Structure formats: structure tokens, C-alpha cells
Amino acid sequence: MSVSELMDERDMADLLVSVPAEGLLHGAVWSESLNHGWIHPWRFAKSQLKAIGSCRAWHPGLYRAMAACTAGVTVEFETDSSAIVLEARVEAFPRGSLEVLSEAAECAFAPDGPLDGFSCDVDGRHLSCVLPEKNGDGVTRVEFALDDPNEAPEVNLQRLPGMGRHHHVRVWLPCLTSCDLRHVVGDGNVIEPVAARDQLLVIGDSIAQGFVAGDPAHNWPARLATRLGMDVLNQGIGGQVFLPGSTVGLSDEASPAAVVVELGENYRYEPCQEMRISRDIRTSLFEVAEAWPEASAWVLTPLWHLDETHPTHRGSCFAAVPDLIRSAAAANPGMHLIEGSRLLQASPVLMADGYEHPNADGSATIAERLAYIMDALAEPAEARGARAIELLSGGPREAFPILECARRGIGEVLVAEKGVCVLDVPRHGTFVWGTSRKAAREALNAFSSRDLVCVLGSTPVHDACRDLGLTEDVSCNMVVYEKKGHLDVDPSLDIRTLTPAYADLVASHYSHPEYLAAGELEDILARGLMLGGFEAGRLCAFIGEHPEGAISMLEVFPEQRRRGWATALESAKINEQLDCGLVPWGEVWPNNQASIALQKKLGLTVYPEKDMHFMSRRR
């Protein structure tokens, strides 16, 4: 007989073990006592519920309904039972949940089976999601067989209840609706609570709440917490945006070791003013930083979405939201920014509804990459940079750009391991070198820029680049000045450091303005990284540096060519870098034979073009 059947037999019920579910909860802030032993687990503090339902919220009615859902809440225990029953009262799906579920049901990539319900982890095995029917009094008995059939003494023969080994059980409650709990009943002798772990707090919208992974254990906050060995406090709310005051009071109830903030996507759907949204984002992130100063805080920019299915509202300021989040996160020391676009490939196949909500595979990808990033960046940036210098010094020449950037303090070393090194240069791109295909691909998937990746040496990640939509593959010669001596420069030539006042003149004469990001030229000039040649007091040539420190942007105005300005300016730039203790280097396209000839004339070593590939999005 099943445990549920035994519960209905008076003579047999005394053989069962029964404990209140309240003492077994994880992922709940508090539980509300109801009649006849029932309780409702809440994942929000009472003060938060007031803010969520206040007039300051965009959609207080929707948010109240979503806040009552039990996303991330689990019932966890140790037992010698062979099967258990969780007594629950499951509410009807809120309207907000039904709307998304109806869309997902029509999508080719929607999960098979129930789109929400109860699932169970037993000793590392996952038991599939179920949504049992209610009995006559509205109670749902959620039953799971715990013994592994592969460990039965004989085929089709199970151990007697209470005679097998103890099981570690975690039952996940529904994400998209609300449920009350009463007892956990087993056919063994004991049901004992499991101690709480460090807590991962996730503040987010429907993407965090679990729309529509198909299993409450398979949304990305649950998967991420499992990877990190933490309990999850999932405060995802369908339709939510940055709401000042919505975390106030939670610090009195919860002390998370890590906080992840995933918000911003819902600004797409309604008119919104950038000034107000900027204020809300700054205030919300400040409140998080103030509430948990000891916790590691991670803030995501919006994930990939397919705009064609639900176009962004014409009155929305959503285009500005990623930069607003970046700016607000940077204002809080120690708060880490993660580009949401790096967490998921741009593919409807990974979306349960085809355009916005990740399915189980999409959620697994997000959790995997988030865990990788959080683990890598938990170490101080200085330590990663120092390890990259140690690993690459005297090592492979093709990894030189990462080594030199690390020495100069340019960009940030994201990964520095024996098989792979990755460095990100803001407003430029990502440099990757490695010998391990698996390690390099994992690092690239987690950290790479979606605009430009420089693959160094024979790093086997071209397929990963293509996964990111980077299909333009152009090889390049790396040139390095490996000598110690300075180069001769005619002292009669008028060579000066250019100031930002020359920005328009430089821009009008630069042959490749497409190489420059917005504001990059002004930054180069402000930092004094550009030299200019003057004849009769007028600028006639210039040379500068790209963000990664490569000597570049050499231009001689047509009327002053063949007068030695190219040789003089690059020599002066090389000397300037030598004076700073740097190793001068540059990047030259193979078809630029004039430049390659100049590098050789000046004594730079020209390395084979196979050692450097720039991969970008085809325009």
C-alpha cells in the first residue's frame, strides 16, 4: 500500500511517522499559522509585502499574487522511510502565471509534462515534477518513493519500510502558484530536519521566479544555489522592476552570504522615463549594498530576449537600462556587475516561450555560467592579474597581449588558470589564450564580449565564438619591440603630446573610425596617449594607442607623406613606452605591407598571423 493509502486506514496510520512541515522549511523568511495545523511559507518579510503592495509599485495586485507563490521554498529532511507524503493545499494559478503558461504551452520549446508543481531530490537523484490532484477536502497529497530501484535486493523487490538506509530528501514547492503545508508523513521511524546552509538571495522578476522552467528545482536560482551548496531565498516576482523600499526590513530576517539582482527586463513593456528609472535603480542597489555589506553582491544587466515576439514599447527607456544598471552598480564598492547577455546564447531554443523566459536548458546554462563567474571573481582582481603574469612570463609568445596588459594594469584578468587565461578590456573586447579546449570554452562562454574576441595562438574556441554570434574571423600580425635600446628620432622634428582639443581634427583624418567606440578617442587624448607631428605649427601626423595598449592609429596627412613622419612618430612612441618600463607592441593587418615593412625597419619582431585572430559580429 502507498503511504497515502495507509493514512486512510485507521489501523495502519499509527505505523507511520508524521511531523509538521513548518520545522523542515528552507528558503522561507517566515511561516503564517493557519487553522488546523496548516501553515503558509512566505519568502518575503512582512515589511516587504507592504512595499510590494503599495502605491509605489507598478502593479501591486500582480506583485502581491506573485509574492505569495512558493518559488525556491523547500521541505528538507533526513528519513529512514521508503516513501513520504507531503500534505499541501495548492491554490489556483494566479492570472499572471496563467498568461505566461498559456504562451509557453504553444511554444515548440516548452517543457514536456507539468509546467509547475512539486519535485524531489533524494540522495542526489532527481524525481520528476508532479502536480497531483486534490482530494475531496481540497488537500493534495504529494507522494514520492524514495528508495532507488537500482539498489533493490532483487528485481522488483523493495526493502521493508524503515529497514533501508537513511535518505536525504528535498521537496521543491511550486514556483508559479501558492500552497499551504501541514505534515510530512513517512512509512519509516524518523523524519529529522536538515540544518540551514549559507543563503543565496535572488532579487528578480519572472525570469528569477521560475517562469517557465517546467520544474521548481530547474529554474536558474535553484540550480545556482545547488551548485554553490547554498539554500536559495528566491524573491523573484513576475512583472517586477527596481522598486525602492522592496528589500527594507529583510536584513532583520535574513543574512545571505551572496545576493544576485536580476531586474530590468520589464521596462520593455510600458512607457517609462529614464530619469525616474535611473533614480529607482540607484536607490534599490544602494539599499541592497547597505543591507548586506558583508555579502558578495552580483548585479545582472538584462538577459537576451527576442524583441520580435513582444516588441519594446515605443515610449520605453529600456535601451538605456543596461547602462543605468552598470552605473548604479559601479557606485557601490564591491558590487559585481555581470553582463546578462553573456549568460545565455541568443537562441529561442533555450526559451520556454520562445522569446524571454528560459526553459530548463536555458536555466541550466545561466546557472552554470553564473556559478563559474562568481567562483572566478570571488578572488580579488589583483590576485588574478598577478597569477596571469606568473603563468605567462617566459611562456608562449602568442599570449603576450594578455601578459603585457596584466603588467600594465589594463583591463581585468577574468580567468588565470594553467590551461586558460582570459582578459577583458572595456570598450574593446576579450582576449583569450589557452591549451585546454574545455577550460577555454567554459571561460569564453562565461566572460566573452559579444562584440569582439581576440583568439591568441591555437586556442580551440572558434566554435564557442560562433555560438556567441561572432562569425567574422580576421587574422592579424602581432608585432613586438623586443630590444632594450631606444630608437633615434630627429630632434628638429616638432613632436608633441596631443590634448582633447585635437579630437575633431584627429577624427577627421583617422582612416578607421569604425575601430573606435563612442568616447574612446577623447579618452585616449585625455590620458596623453597620442603624439602628434607638427609642421609650421600645424598638425600633420599622429600616432596613439588602442585600449589594450597596442601602438596604433598611425596617420600621416597626404601632403606630408614620404617625409619620415611615420618612422619618427612610431620611434617616439616606442621610446615613450620604453621610458615607462613597457614592452612596445602593436597589431598589423597582413595586407598592410607598408606597415609591416615599417615594423621590420624599426626592429620589431613580426609574428605569424595565425597567432592572432579577431572574431566579431558580421555587420
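Let me start with one contact pattern in this predicted model: Val-413 has Leu-423, in strand 19, as its bridge partner. That pair belongs to the contact between strand 18, residues 412-417, and strand 19, two strands that run antiparallel and are joined by 5 bridges, and the connection from strand 18 to strand 19 is a hairpin through 2 residues.

Moving on to the next strand, we find that strand 19 is also joined to strand 20, residues 429-434, by 6 bridges, again in an antiparallel arrangement, and here Val-422 has Val-432 of strand 20 as its bridge partner. These two strands likewise form a hairpin, with 3 residues between them, and in the turn Arg-427 has a positive phi of about 65°.

So how buried is strand 19? Of its 6 residues, 420-425, 6 are buried, so the strand is largely enclosed by the rest of the structure. In a regular strand, side chains alternate between the two faces of the sheet, and it is worth looking at each face in turn. On one side we have Val-420, Val-422 and Asp-424, on the other Cys-421, Leu-423 and Val-425, and all of these are buried, which leaves both faces covered.

For contrast, I would like to turn to Glu-308, which lies in the loop between strand 16, residues 296-300, and helix 9, residues 321-330. Is Glu-308 buried or exposed? Its relative accessibility is 63%, and because the cut-off for exposed is over 50%, Glu-308 counts as exposed. Finally, Glu-308 and Gly-334 are 26 residues apart in sequence, while their C-alpha atoms are 37 Å apart in space.

Terms used
Residues numbered from 1 in each chain as written. Predicted model: local features only at pLDDT ≥ 70, side-chain atom pairs only at ≥ 80, totals over all residues. Heavy atoms only, no water. Buried < 20%, exposed > 50% of the residue type's maximum accessible area, 1.4 Å probe, protein only. Helix = DSSP H or I, 4+ residues; strand = E, 2+ residues; numbered from the N terminus. Pairing = 2+ DSSP bridges.
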